[in-house]
Amino acid sequence: MRKENAANYRSRHALLLGRPSPGGRYKVQYRRCTRSGIPLSAMSQPPTLDQPPADVLTDDCLPEYSYMYSPTLLSGRVAFITGGGSGIGFRIAEIFMRHGCDTVIVSRNLQRVSQAAEKLQAVTGRRCLPLAGDVRNPETLTAAVDEALRTFSRVDILINNAAGNFLCPASALSFNAFKTVIDIDTVGTFNASKILFEKFFRDHGGVIINITATLSYRGQVLQMHAGSAKAAIEAMTKHLAVEWGPSRVRVNSLAPGPISGTEGMRRLGGAELEAAMYSSSIPLQRLGNKTEMAHGALFLASPLASYMTGTTLVLDGGSWLTSPNQLAASLELWTSKMKEGK
Ligand SMILES: CC/C=C\C/C=C\C/C=C\C/C=C\C/C=C\C/C=C\C=C\C(=O)SCCNC(=O)CCNC(=O)[C@H](O)C(C)(C)COP(=O)(O)OP(=O)(O)OC[C@H]1O[C@@H](n2cnc3c(N)ncnc32)[C@H](O)[C@@H]1OP(=O)(O)O
Ligand SMILES: NC(=O)C1=CN([C@@H]2O[C@H](COP(=O)(O)OP(=O)(O)OC[C@H]3O[C@@H](n4cnc5c(N)ncnc54)[C@H](OP(=O)(O)O)[C@@H]3O)[C@@H](O)[C@H]2O)C=CC1
């Protein structure tokens with residue numbers, strides 16, 4: 001080998017590539033490499049596999065979208081999404097529609113869902129039916145499901161996304177405050193699931209995806225109400241998966257971590273928490289985004305998850321494993337916000 005100094009040699013580390021020729025000799029190729037032997041050509045590869053997809057922080061559609069699954073993954077399907085007019089539910093509606101699905105989005109505020117439906121239809125070319133309904137009220141929810149079935153003649157997927165939450169220590173929760181969160185999250189999930197099972201899924205099969213949270217996994221401070229509600233939903237997921245499996249209904253939960261551009265983060269975190277969690281405690285060192293949650297829901301709803309039921313897909317960057325759960329510091333921060341009237 002021609003003489004060269006050690007530095008040059010290290011930076012041009014030889015790689016034994018290819019496979020032995022019939023005579024057992026290797027064809028040696030030289031490629032410029034890093035000191036640890038990775039070919040420099042590999043260094044210009046696509047981004048790492050934790051690279052987040054594009055997202056926008058507002059309740060607007062993505063300006064552009066790069067498909068990772070087939071654009072027809074949900075063609076001919078109809079999804080019924082509670083709380084689909086904002087945040088994670090809105091993005092789920094968008095991503096489903098970009099994959100051929102028509103949607104029904106339901107919430108208490110008809111203006112909110114109507115404006116959302118206009119955006120979603122304009123961008124995706126699919127149909128989106130906005131309906132008013134309160135998941136706590138079986139009558140309004142039944143009326144919404146009836147309207148959905150009149151419009152589309154089918155519902156294949158139910159996304160139980162509607163929820164309510166706020167930061168509050170258990171000691172300061174009123175009876176009605178606790179009941180309200182349980183009613184929206186847990187009872188609302190049961191109501192929508194029962195209505196759709198009886199009106200369509202029992203005879204045609206279907207998929208139910210319950211949007212939960214990791215709050216109860218470590219007794220998150222100031223979240224006893226939402227943590228209890230979501231834990232009950234994860235139990236419901238298992239029970240319904242067992243009882244409704246023979247009817248070809250798959251039931252799974254999707255548990256987001258802290259997600260940027262959402263009402264949830266605005267209510268529960270804001271600048272302080274967002275900064276703290278971002279910098280130090282989340283293993284993937286960043287918040288999640290709504291598109292990542294929508295991709296998880298797309299997987300769960302699609303035939304890619306055909307043998308998956310009764311379980312929870314946690315999409316939180318590992319945050320529940322490590323995020324701070326400091327009672328004193330959190331109470332101090334909450335108290336100061338209360339004093340500021342925030
Ligand atoms: C600053 C950080 C400080 C410390 C950090 C420490 C801990 C942080 C904890 C968690 C963060 C960790 C990780 C973040 C990652 C993930 C988050 C996990 C889950 C996220 C879940 C969600 O995001 S849920 C969706 C969020 N969106 C919404 O909530 C929108 C819908 N919400 C609503 O409609 C209302 O907020 C509602 C839920 C209250 C329902 O409204 P409505 O039906 O009109 O009910 P009301 O009549 O208004 O109220 C009913 C009773 O509830 C009482 N109440 C209302 N708000 C509060 C409050 N803020 N505190 C206490 N009590 C409240 C109200 O007074 C009523 O009770 P009465 O006794 O008066 O009748
Ligand atoms: N954001 C985050 O970081 C996390 C969110 N999650 C979960 O993700 C889901 C979406 O959260 P996010 O996008 O942040 O919050 P949003 O507040 O944007 O979404 C909640 C939606 O639910 C609707 N809703 C609330 N109460 C009712 C009701 N009684 N009947 C019908 N619809 C209702 C609201 O519309 P309207 O007011 O018009 O009724 C709203 O559109 C929730 O289930 C939440 O618990 C879980 C972990 C983390």
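This briefing walks through two ligand sites, one pocket and a few loop residues. The model is predicted, so please read every distance and area below as a computed value. Ligand 1 and ligand 2 are each surrounded by 28 residues, and Arg 108 is among the closest residues in both shells. The protein buries 69% of the area that ligand 1 exposes when taken alone; for ligand 2 the buried share is 90%.

**Ligand 1**

- The shell around ligand 1 holds 28 residues, and those that come nearest are Arg 108, Asn 165, Ser 174, Asn 176 and Arg 267.
- Arg 108 places a polar side-chain atom 2.7 Å from an oxygen atom of ligand 1.
- Ser 174 also offers a polar side-chain atom, at 2.7 Å from an oxygen atom of ligand 1.
- For Arg 267, a polar side-chain atom is found 2.7 Å from an oxygen atom of ligand 1.
- On its own, ligand 1 exposes 1500 Å², and the protein buries 69% of that area.
- Four helices give two or more residues to this shell: H6 (175–204), H8 (263–268), H9 (270–281) and H12 (327–340).
- By residue class, the shell around ligand 1 has 13 nonpolar, ten polar and five charged members.

**Ligand 2**

- Of the 28 residues that surround ligand 2, the closest are Ser 86, Ser 107, Arg 108, Asn 161 and Thr 262.
- Two backbone contacts can be listed for ligand 2: a polar backbone atom of Ile 88 is 2.9 Å from an oxygen atom of the ligand, and a backbone N or O atom of Asn 161 lies 2.7 Å from an oxygen atom of the ligand.
- Arg 112 contributes through its side chain, with a polar atom 2.8 Å from an oxygen atom of ligand 2.
- Taken alone, ligand 2 exposes 870 Å², of which the protein buries 90%.
- Helix H3 (87–98) and H8 are the elements that give two or more residues to the shell around ligand 2.
- H8 supplies the largest share of that shell, three residues.
- The shell around ligand 2 divides into eleven nonpolar, eleven polar and six charged residues.

**The second largest pocket**

- This pocket has a volume of about 510 Å³.
- Its lining is made of 21 residues, and those nearest the centre are Leu 49, Pro 53, Arg 286, Glu 292 and Leu 315.
- Helix H10 (290–301) and strand E9 (312–315) are the elements that give two or more residues to the lining.
- H10 gives the most, with five residues.
- Twelve of the lining residues are nonpolar, five are polar and four are charged.
- Two of the residues nearest the pocket centre, Arg 286 and Glu 292, are joined through their side chains by a polar contact of 2.6 Å.
- Arg 286 sits in the loop between H9 and H10.
- The relative accessible area of Arg 286 is 18%, which is under 20%, so this residue counts as buried.

**Residues with positive phi**

- As background, most residues other than glycine have a negative phi.
- Gln 285 has a phi near 60°, a positive value in a residue other than glycine.
- Gln 285 lies in the loop between H9 and H10, and Arg 286 is found in that loop too.
- With a relative accessible area of 41%, Gln 285 is partly exposed.
- Ser 153 is another non-glycine residue with a positive phi, near 65°.
- Ser 153 belongs to the loop between helix H5 (138–152) and strand E6 (157–160).
- Ser 153 has a relative accessible area of 56%, over the 50% cut-off, and therefore counts as exposed.

**A buried loop residue**

- Leu 74 is found in the loop between helix H2 (40–43) and strand E3 (78–82).
- Because its relative accessible area is 2%, under the 20% limit, Leu 74 counts as buried.
- Leu 74 and Arg 127 are 53 residues apart in sequence, and their C-alpha atoms are 13 Å apart in space.

Methods
Residues are numbered from 1 along each chain as its sequence is written. Chains are lettered from A and ligands numbered from 1 in the order in which they are written. This is a predicted model: local features need pLDDT of at least 70, side-chain atom pairs count only at pLDDT 80 or more; totals for chains, interfaces and linings use all residues. Side-chain values use heavy atoms; hydrogens and water are left out. On a 1 Å grid over the protein atoms alone, a cavity is a set of points where a 1.4 Å probe fits but cannot get out, and a pocket is an open set with protein on both sides within 12 Å along at least five of seven lines; lining residues have an atom within 4 Å of a point. Grid points are joined across faces, edges and corners, and a volume is the space filled by probe spheres set on the points. Ala, Val, Leu, Ile, Met, Phe, Trp, Tyr, Cys and Pro count as nonpolar, Asp, Glu, Lys and Arg as charged, and the others, Gly among them, as polar. A residue is near a molecule or strand if one of its heavy atoms lies within 4 Å of it. A polar contact is a pair of N or O atoms within 3.5 Å; within protein, one must be able to donate a hydrogen and the other to accept it, and residues adjacent in sequence count only if both atoms are side-chain atoms. Accessible areas come from the Shrake-Rupley method with a 1.4 Å probe; for residues, only the protein chains shown count as cover. Buried means under 20% relative accessible area, exposed over 50%, partly exposed in between (1.4 Å probe, protein chains only).
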